[in-house]
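Got your viewer open? Load the model, pick a colouring you like, and follow along.

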Amino acid sequence: MRQFPASPITAVIDDRPRYNLGESCGRDLSVAEILTAGELADFGRVTAGYGTSRGDADLRAQIAARHGVRAGQVLITAGAASALFLMGLLFGDGEIVLGVPCFPPTLDVVRGIGADIRTVRARFGDRYRIDADGLRRQLSPATSLVMLASPQNPSALAIPDDDITAVMDQMARICPDAYLLLDETFREAAYRGAAPRPSLAAASPRIVTCSSLSKAYGVPGLRVGWLTVPDPGLYEQLRLAKFNAAISCGSVDEYLAGRILSRAGEVPAQRAEIMTDAREIVEGWVGQARRTGAVVATGSRRVLQPGTRSRQVPRRWRRRPAPGPGPRRRHLSRARSVVR
Ligand SMILES: Cc1ncc(COP(=O)(O)O)c(C=O)c1O
């Protein structure tokens, strides 16, 4: 039997920590906030039949328009998590090169599937830039997939376009049949006053992107994400894999997702306000706690803001392994005692 690694971050949704300073979504929207008054009155008539294996046509058209691709290149998935899973599943018999640190399930998926994994580590001291030499060493003619996130999790830093071009150039030389899966889940989750970067979905026939409504739109429970897939043969295999796993996504979820995207000029701007206010609360808390303004203790790890100098990091937090369940509790109770 295949074994998926134990994943401490499932506690974030299963245990609902009281103070989750690592929360990546901001406040969740209610259905009443998603729909206009007229739509809310009609909501009772929305039917809950099967969706389609590709996903709702109107929703795909809206996503396609926002990414500069054709609707036929968009596959709706149960969040970006499912998009990552489907790609890992299809490419798991080749070598997969993965940028780390990353959203933990990105790594756990390919581990659980049993792929041959090569990692390229981005470092805090390099502002999480891709290590070009490290990447070149990990690529081989057997590489089938390279997985990177932009903005990256946990640093929230986007990969500069030139670095993506350099990655594509290296892949073209060493593994020309491989794809780059670019996880753009945080792309539109910008703070107040910052415009989101354009998607790279249309930048190359060898780039597949994934994203979702979870982070920038505040509806992670809708479980609506997507893949943009330029190659029709790959698209078809992904569609079949999705169909065999789930038949379709939830039709009610897709309906609500379509309504949110129809207000896409408005919703991310509101979210930017919420996220900026939340960040200010955390920064205020950090200041009050007389900790360094650059270091925030969270339940499961220590998060350093980009630009932090190492001497700003309290000595007791340096060079410690990531805490397991025991120390994690201690971090939480320390955080709670400071907040109270
Ligand atoms: C980088 C990244 N990708 C994908 C996901 C999955 O998000 P979802 O499945 O809700 O779209 C997350 C969630 O935290 C993430 O951080």
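Start with the whole protein: of its 340 residues, 36% are buried. Keep in mind that this is a predicted model. Colour by secondary structure and you should find 13 helices and nine strands. If you like contact maps, here's one number to go with yours: among contacts with a separation of 6 or more, 70% join residues 24 or more positions apart.

**Stop one: the sheet.** Show the strands as cartoon and look for an open sheet of seven strands with mixed pairing. Walking across the sheet, you pass β1, β7, β6, β5, β4, β2 and β3, in that order. Select 74–77 for β1 and 116–121 for β3; these are the edge strands, each paired on one side only. Ignoring direction, neighbouring strands here are turned by 20 degrees against each other on average.

**Stop two: β2 and β3.** Now zoom in on residues 95–100, which are strand β2. In which sense do β2 and β3 pair? They pair in the parallel sense, over six bridges. For a spot to click on, take Gly99, whose bridge partner in β3 is Val120.

**Stop three: the helix across the strands.** Add residues 104–113, helix α6. Which strands does α6 lie across? The answer is β2, β3, β4 (select 143–149) and β5 (select 179–183). Relative to β2, helix α6 runs at about 160 degrees.

**Stop four: the ligand.** Centre on the ligand and bring up its surroundings: 13 residues make up the shell. The closest are Gly79, Ala80, Ala81, Ser212 and Ser214, so labelled sticks are handy for those five. Next, select residues 79–91, helix α5, which gives the most to this shell, with three residues. Colour the shell by residue class and you get five nonpolar, seven polar and one charged.

**Stop five: a helix pair.** Finish with residues 57–67 (helix α4) and 251–262 (helix α11). Their axes are 9 Å apart, and the helices pack at an angle of about 35 degrees. What is the handedness of the crossing where α4 passes α11? The crossing is left-handed. To see the contact itself, show Asp58, Leu59 and Gln62 on the α4 side. On the α11 side, show Glu254, Ala257, Gly258, Leu261 and Ser262. By class, the residues of this contact are three nonpolar, three polar and two charged.

How values were computed
Residues are numbered from 1 along each chain as its sequence is written. This is a predicted model: local features need pLDDT of at least 70, side-chain atom pairs count only at pLDDT 80 or more; totals for chains, interfaces and linings use all residues. Axes are lines fitted to C-alpha atoms, for helices over the stretch in contact, and angles run from 0 to 180 degrees between N-to-C directions. Helices (H or I, at least four residues) and strands (E, at least two) are DSSP runs, numbered from the N terminus. A crossing is left-handed if the near helix is turned anticlockwise from the far one by less than a right angle, and right-handed if clockwise. Two residues are in contact if their C-beta atoms, placed from the backbone, lie within 7 Å. Ala, Val, Leu, Ile, Met, Phe, Trp, Tyr, Cys and Pro count as nonpolar, Asp, Glu, Lys and Arg as charged, and the others, Gly among them, as polar. Two strands pair if DSSP finds at least two bridges between them. A residue is near a molecule or strand if its C-beta atom, placed from the backbone, lies within 6 Å of it. A residue is buried if 20 or more other C-beta atoms lie within 10 Å of its own, exposed if 12 or fewer, and partly exposed in between; C-beta atoms are placed from the backbone.
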